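Subject: Structure for your review, with notes

Dear colleague,

I am handing over the structure we spoke about, together with an account of what was found in it. Please look through it with the notes below at your side.

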Amino acid sequence: MTTLMFILGIVVFAFGLLVSIAWHELGHLSTAKLFGIRVPQYMVGFGPTVWSRKKGDTEYGIKAVPLGGYIRMIGMFPPDNAGRISARSTSPWRGMIEDARSAAYEELQPGDETRMFYTRKPWKRVIVMFAGPFMNLVLAIALFLVALMGFGIQKETTHVESVSPCVIAQSQHRDSCKKSDPASPAAQAGVKAGDRIVSFDGHPTKDWNTLSDLIRADAGKSVAIVVDRKGEQVTLHATIATNEVAKKDSSGNYVEGTVKAGFLGFSPATGVQKQGFGDSVTWMSDRVGDAVDSLAALPGKIPALWDAAFDNAPRQPDSPMGIVGAARITGDIATLDIPASQQVAMFVMLLAGFNLSLFLFNMLPLLPLDGGHIAGALWEALRRNLARVLRRPDPGPFDVAKLMPVAYVVAGIFVCFTVLVLIADVVNPVKIS
């Protein structure tokens, strides 16, 4: 049964992946057609075609390998200065440019002269290329809101799970007390497992982050703590100790390192809590910031990823993960002994994170990514406007095809990184608890 659920989780992820890719390409397709650009193909997947149907100018289809998708637009690149679109050079770098230019005109038909991508104004091309990643962003936001407001997320609460009998520094990594360890303020005050802390030093404590910040800020201070104990409010008094505790960032997330701060001495219980719209927006903005930071830190994670793939080093929880790794995670989620609603919530969260990553990755100003074409269109608009202001001749369309050698290098780096992540995901995958 466990194996069946694992396979089911992978199948569900594969379906979600296909929907995300199709949704991305739909953004490109709809805006291209809106601006009168001819689109011969709209495909989800790569490799052999499994199914296709032609409607109007466009062939719609599904291919065998669900690792991406594409639309083909007529005239992605302008002709060269001599108006040629199929001349071949003996220079390998020049050949790349001319191959790309020729491919953009392969299916040129009579009447397409006014329906080519490069003939559209730069702002229209920006919209067409941005529409794909934007669709992923919209889907990510919708899925996050469903998970946060509809299902809720596991969060630490103001309920007391357990009380520490003594004060132990975070760096000592031990659970048992020594005779020399002072008693914890919570134990001295009479805090018990099952209590819900209602207020701390006169401040209402509706969430764990608020309570944690208050405790940390009041080292050495005597405070009154009101707890709800089986429906009855009880006031306790404690003197907050100073201790070495785990470090937190501005969002309240635990990060590497320790700090000296106030310490009460209890472990908060965790529970599933539905989030309001405002809290959901705040949570999502924090995740976007985390995703941007992770993207910027990606090159620095490659050595650890290599060690995990080839030297059996531990795989870090924040290690880069590819489609195979994400599929394995969804398989693991399906086998967890948790309520089905939380399994669905975890899957929705994972798919939302995948779409957010697609948006950020595609917005990098590098060819062959969408962001590279956006950057090319913006550069063309800038230099044409400058020429108009300076009363110089119109420089014409910016030839993005000239950047194809760089695009091949970038694509090569992406392929190598993808293979490395794939190997690590197979031999030493990221695991969930």
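In which helix do Arg-287 and Asp-290 both lie, and how many residues apart are they? Before the reply, please keep in mind that this is a predicted model. The two residues belong to helix α6 (residues 277-296), where they stand three residues apart, about one turn of the helix. Their side chains form a salt bridge in which the closest N and O atoms are 2.9 Å apart. Arg-287 is buried, because its relative accessible area is 18%, whereas Asp-290, at 33%, counts as partly exposed.

Other salt bridges

The count of salt bridges in the model comes to nine. One of them joins the side chains of Asp-195 and Arg-229, with 2.8 Å from N to O. This pair links distant parts of the chain, since Asp-195 sits in the loop between α4 and β4 (196-200) while Arg-229 belongs to strand β6 (residues 222-229), 34 residues apart. Asp-195 has a relative accessible area of 1% and is therefore buried. As general background, side chains of opposite charge can pair when their charged atoms come close.

A further salt bridge, at 3.3 Å from N to O, is made by the side chains of Glu-380 and Arg-384. Both residues lie in helix α10, four residues apart, which is again about one turn of the helix. Glu-380 is buried, with a relative accessible area of 0%, and Arg-384 is partly exposed, with a value of 23%. Through salt bridges that share partners, Arg-125, Glu-380, Arg-384 and Asp-394 are joined into one network.

The largest cavity

Two cavities of 30 Å³ or more were counted, and the largest cavity holds about 70 Å³ of space. Which residues line the largest cavity? The lining consists of Met-76, Phe-77, Pro-78, Phe-117, Tyr-118, Arg-125, His-373, Ala-377, Glu-380, Pro-397, Phe-398 and Val-400. Helix α10 (residues 370-389) supplies the largest share of this lining, namely three residues. By residue class, the lining divides into nine nonpolar, one polar and two charged residues. Two names recur here from the salt-bridge network, for Arg-125 and Glu-380 belong to that network and also appear among the lining residues.

The disulfide and the annotated spans

The structure holds one disulfide, and the disulfide joins Cys-166 to Cys-177, with 1.9 Å from S to S. Both cysteines are placed in the loop between β3 (153-163) and α4 (185-189), 11 residues apart. The torsion about their S-S bond is about -95 degrees, so the disulfide is left-handed. The two ends are not alike in accessibility, as Cys-166 counts as buried at 2%, while Cys-177, at 34%, counts as partly exposed. Another cysteine, Cys-416, counts as exposed at 56% relative accessibility.

According to the UniProt annotation "domain: PDZ", taken from an unreviewed entry, this domain covers residues 147-231. In the model the end C-alpha atoms of that span lie 31 Å apart, and the span is 24% helix and 31% strand. The same kind of record, again an unreviewed UniProt entry, gives "transmembrane region" for residues 6-23, 126-153, 344-364 and 406-427. Of these, residues 126-153 are 93% helix and 4% strand, with their end C-alpha atoms 37 Å apart. Over residues 406-427 the chain is 100% helix and 0% strand, and here the end C-alpha atoms are 32 Å apart.

Backbone geometry to check

Most residues other than glycine have a negative phi, and most peptide bonds are trans. Against that background, the peptide bond from Leu-367 to Pro-368 is cis, with omega near 10 degrees, and Pro-368 lies in the loop between α9 (340-362) and α10. Asn-312, in the loop between α7 (302-310) and α8 (323-335), has a positive phi near 60 degrees, and at 66% relative accessibility Asn-312 counts as exposed. Arg-391, found in the loop between α10 and α11 (404-427), likewise has a positive phi near 60 degrees, and Arg-391 counts as exposed at 80% relative accessibility.

With kind regards

Methods:
Residues numbered from 1 in each chain as written. Heavy atoms only, no water. Disulfide = S-S within 2.5 Å. Buried < 20%, exposed > 50% of the residue type's maximum accessible area, 1.4 Å probe, protein only. UniProt positions renumbered as here; feature names shortened; annotations may be inferred. 1 Å grid on protein atoms, 1.4 Å probe; cavity = no way out; pocket = protein on both sides within 12 Å on 5 of 7 lines; lining within 4 Å. Points joined across faces, edges and corners; volume = space filled by probe spheres on them. Nonpolar A, V, L, I, M, F, W, Y, C, P; charged D, E, K, R; others polar. Salt bridge = Lys/Arg side-chain N within 4 Å of Asp/Glu carboxyl O.
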